[in-house]
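Colleague: I'd like to go through this model with you and ask how each label was earned. Could you show it first?

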Amino acid sequence: MDPQNVKSILVLILDYGSQYTHLITRRIRSLSVFSLCISGTSSLKSIVDLKPRVIILSGGPHSVHSPGSPSFPDGFVEYVESNGVFVLGICYGLQLIVQRLGGVVRVGEKQEYGRMEIEVVRACGLFGSKEVGHKQTVWMSHGDEAAELPEGFEVVARSQQGSVAAVENRERRFYGLQYHPEVTHSPEGMETLRHFLFDVCGVDAGWNMEDVLNEEIKLINGMVAPDDHVICALSGGVDSTVAATLVHKAIGDRLHCVFVDNGLLRYKERERVMETFERDLHLPVTCVDATDQFLSKLKGVVDPEMKRKIIGKEFIAIFDAFGQDLECKQGKKPVYLVQGTLYPDVIESCPPPGSGRTHSHTIKSHHNVGGLPKDMKLKLIEPLKLLFKDEVRELGRILNVPQPFLKRHPFPGPGLAVRVLGDVTQGNALDILRQVDEIFVQSIKDAGIYDSIWQAFAVFLPIRSVGVQGDQRTHSHVVALRAVTSQDGMTADWYNFEHKFLDDVARKICNSVRGVNRVVQDITSKPPSTIEWE
């Protein structure tokens, strides 16, 4: 999807490192308005080329007083004012506006974190029909505060401590909120965003998945020549399945899907996935058994980032070899590789603005973003890379992808390599993990709660514990169970199972899986943890 060709007004978000930035993107898209998030330190040309109607400056962990703190580029103010672009600063974004336009930001006498009550002190555009004196609860997270506003700006709301909570300059189209309207802890936040976009900025709600589908098909047909052939990496998950179905709709049988058994799949995953592809999707799929190839390269590797890099490289080697075989059969070498990369993959593989870090210092490289070799021969087609998971599922529904596929929990590209901590080839770790994971997930399905959970899986831990089984001392393996709820995988809460369910599952695992004598549950949210352990 090319953001410059989207048939909708664009709300562009400049990201300054807030943990909530992606929520702004999602909240705006939920209003049927297309939004896109780019680095807050992007060049002016990058911003201008996207032709946004509205720009939102996100929050962030920085202080405008700190050396090297991120900011919008020189010429930004002149650009937005000369082109009638509306600007909304949130938290750190408000402070940037105040400082860069001639006001004063200082360290607050009283910091404001968490829930806080604010009061409208001036009838204004930001709060619409809310009268002076109206109070609402919001989510604050700041230590600095706006002490003196730039010329022409007005305070329109204050916190219960008297600090500036909202400002605006309607003539110059600059607005600011010192709190986070995008989080659920600000109950009236969505109403404020809706009013700002539709009533203040005059944005139309014209973005939908049908337009995305038509635009993507047009884009693919424009990219792929009439005699070009394309390879698609199918994993059996929602993302690659929807991507394959979409590209197949665009170019037909010139799409050649390949499903790679890398030895890192779940219990009977290969048999189940291939059956579904053939029976329900009618996609041309070739299965390649590359178990030995992958596991031999992973032997002795314990660093999770290295695992991802190795797996990404081996995938590409297989696709290149598959392309050479196709060339012999078709007389023309495939040019493109289709991947089901999603927007969260792209966001998480980029370092936060102002961190001074590059891609080599990211938390983790997604196998289809940071894990690909630079010298790969195939060009990428990533039709979903600006979409969130729920949007991909909606696209899949339009494409008539079967519901069981669309409801599948996410599975990481590196597979069980990031769920066996340490060396995946050590002992029978993979076999143990497959059995434990199957029991856990099947129990969730039997309990009727599978669709209430974003992702559930087991993790093989590189430790042993003492136990008693059959009146004998054992020194066996420990496994962890992880289940989370989420909307997009960017943030997540651990799922609160009933105690009886956990008791039943733990007993079944210890009684059925030889070599396991202890089961623990991961009850950490994201942040501070990631969903996967590696």
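Modeller: Gladly. Let me start with the accessibility scale: buried means under 20% relative accessible area, exposed means over 50%, and partly exposed lies in between. Keep in mind that this is a predicted model.

Colleague: Then why is Arg172 called partly exposed?

Modeller: Arg172 has 27% relative accessibility. Partly exposed is the class between the limits of 20% and 50%, so Arg172 counts as partly exposed.

Colleague: What makes Arg172 and Glu81 a salt bridge?

Modeller: The rule asks for a side-chain nitrogen of Lys or Arg within 4 Å of a carboxyl oxygen of Asp or Glu. For Arg172 and Glu81 the closest N and O atoms are 2.4 Å apart. Arg172 lies in the loop between strand 8 and strand 9 and Glu81 in helix 3, so the pair ties together parts that are 91 residues apart in sequence. Glu81 is partly exposed too, with a relative accessible area of 33%.

Colleague: How many salt bridges does the rule give?

Modeller: The count comes to 29. Among them is Glu269 with Arg408, at 3.2 Å from N to O. Glu269 belongs to helix 8 and Arg408 to the loop between helix 13 and helix 14, so this pair ties together parts 139 residues apart in sequence. Both Glu269 and Arg408 are buried.

Colleague: And what separates Arg279 and Glu275 along helix 8?

Modeller: About one helical turn, because they are 4 residues apart in helix 8. Their side chains meet in a salt bridge of 2.9 Å, N to O. Arg279 has a relative accessible area of 46% and is partly exposed; Glu275, at 46%, counts as partly exposed as well.

Colleague: On to the rings. Why is the pair of Phe259 and Phe277 called edge-to-face?

Modeller: Planes over 60 degrees apart count as edge-to-face, provided the centres lie within 6.5 Å. Phe259 and Phe277 have centres 6.4 Å apart and planes at 70°, so the pair is edge-to-face. It ties strand 11, which holds Phe259, to helix 8, which holds Phe277. Both residues are buried.

Colleague: What makes Phe440 and Phe497 an edge-to-face pair?

Modeller: Their ring centres are 5.9 Å apart and their planes stand at 65°, so this pair is edge-to-face. It links distant parts of the chain: Phe440 is in helix 14 and Phe497 is in the loop between strand 17 and helix 15, 57 residues apart. Phe440, at 0% relative accessibility, counts as buried, and Phe497 is buried with 5%. Ring pairs link these two with Tyr495 and Phe501 into a cluster.

Colleague: Phe501 brings us to helix 15. How do you know that its buried residues share a side?

Modeller: The buried residues include Phe501, Leu502, Val505 and Ile509. They cover an arc of only 95° around the axis, which puts them on the same side of helix 15. On the other side, His499, Lys500, Arg507 and Asn511 are exposed. The buried residues pack against helix 14, strand 16 and strand 18.

Colleague: One last label: why does Phe72 count as buried?

Modeller: Phe72 has a relative accessible area of 3%, and the limit for buried is under 20%, so Phe72 is buried. Phe72 is found in the loop between strand 3 and helix 3. Beyond its neighbours within four places in sequence, Phe72 is in contact with Leu14, Tyr16, Gly40, Leu57, Val77, Leu96 and Arg100.

Technical notes
Residues are numbered from 1 along each chain as its sequence is written. This is a predicted model: local features need pLDDT of at least 70, side-chain atom pairs count only at pLDDT 80 or more; totals for chains, interfaces and linings use all residues. Side-chain values use heavy atoms; hydrogens and water are left out. Buried means under 20% relative accessible area, exposed over 50%, partly exposed in between (1.4 Å probe, protein chains only). Helices (H or I, at least four residues) and strands (E, at least two) are DSSP runs, numbered from the N terminus. The arc is that of the directions from the helix axis to the C-beta atoms. Contact means heavy atoms within 4.5 Å. Rings of Phe, Tyr and Trp (its six-membered ring) pair if their centres lie within 6.5 Å; planes under 30 degrees apart count as stacked, over 60 as edge-to-face and the rest as tilted.
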